[in-house]
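Biologist: I have a structure open on my screen and would like to learn how to read it. Could you walk me through it?

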Amino acid sequence: MMIKRNRGRNWLDWQRRSMQTLQFVGLGLCILLIGSLIFGEMGLPRYLSMRQHVQQLEQDLQALARDNTALRADINRLQHDPAKIEALARERLGYVRKGETVYQLIPEQSPAQPKP
């Protein structure tokens, strides 16, 4: 009967040691995974910087969408608004209506300074 008792105790000791070894290996793997999560190539700092970059890109996209809407409205006015077309023709091409008098102001030229 002593032999069986020793075998049972040895079996329990072996089981306990193997469980401790397994726990130690599991803990090591957890530490390794947490370390790679924090310090790895695709770790937490990179994730945070990428998230900030995405937010910046979304803001840029919204600004571009607003600009696009404004430009589309300008195009629509240029195609369909006679007052806008006339204003542009007067400003850029120098068009004048019949009966209007145009005055051009010529800036004064400063006299050339004598050379020493």
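Modeller: Happily; we will go from the whole chain to a pair of helices and then to a single residue.

Biologist: What should I check before anything else?

Modeller: Start with confidence, since this is a predicted model. The protein chain has an average pLDDT of 85, and 89% of the residues score at least 70.

Biologist: Which helix has the lowest mean pLDDT, and which the highest?

Modeller: Among the elements, helix H1, residues 2-39, is at the bottom with a mean of 81, while helix H2, residues 44-80, is at the top with 94.

Biologist: How many helices and strands are there in the protein chain?

Modeller: Three helices and zero strands, so along the sequence you read α-α-α.

Biologist: And what share of the residues is buried?

Modeller: Of the 116 residues, 2% are buried. The accessible surface comes to about 12000 Å², and carbon and sulfur atoms account for 61% of that surface.

Biologist: How do I describe two packed helices?

Modeller: You give the angle between their axes and the distance between those axes. Here, H2 and helix H3, residues 82-93, pack at about 90 degrees with axes 6 Å apart. That angle makes H2 roughly perpendicular to H3.

Biologist: Which residues meet where H2 contacts H3?

Modeller: From H2 come Arg77, Leu78, Gln79 and His80; from H3 come Pro82, Lys84, Ile85 and Leu88. By type, the contact has four nonpolar, two polar and two charged residues.

Biologist: Let me try one residue. Where is Arg90, and what does Arg90 touch?

Modeller: Arg90 lies in helix H3. Leaving out residues up to four places away in sequence, Arg90 touches Tyr95, Arg97 and Glu100.

Biologist: Why does Arg90 count as partly exposed?

Modeller: Because its relative accessibility is 29%, and partly exposed covers values between the 20% and 50% cut-offs.

Conventions:
Residues numbered from 1 in each chain as written. Predicted model: local features only at pLDDT ≥ 70, side-chain atom pairs only at ≥ 80, totals over all residues. Heavy atoms only, no water. pLDDT = per-residue confidence, 0-100. Helix = DSSP H or I, 4+ residues; strand = E, 2+ residues; numbered from the N terminus. Buried < 20%, exposed > 50% of the residue type's maximum accessible area, 1.4 Å probe, protein only. Areas by Shrake-Rupley, 256 points an atom, 1.4 Å probe, with all protein chains shown as cover. Axes fitted to C-alpha atoms, helices over the stretch in contact; angles between N-to-C directions. Parallel < 35°, antiparallel > 145°, perpendicular 65-115°, else oblique. Contact = heavy atoms within 4.5 Å. Nonpolar A, V, L, I, M, F, W, Y, C, P; charged D, E, K, R; others polar.
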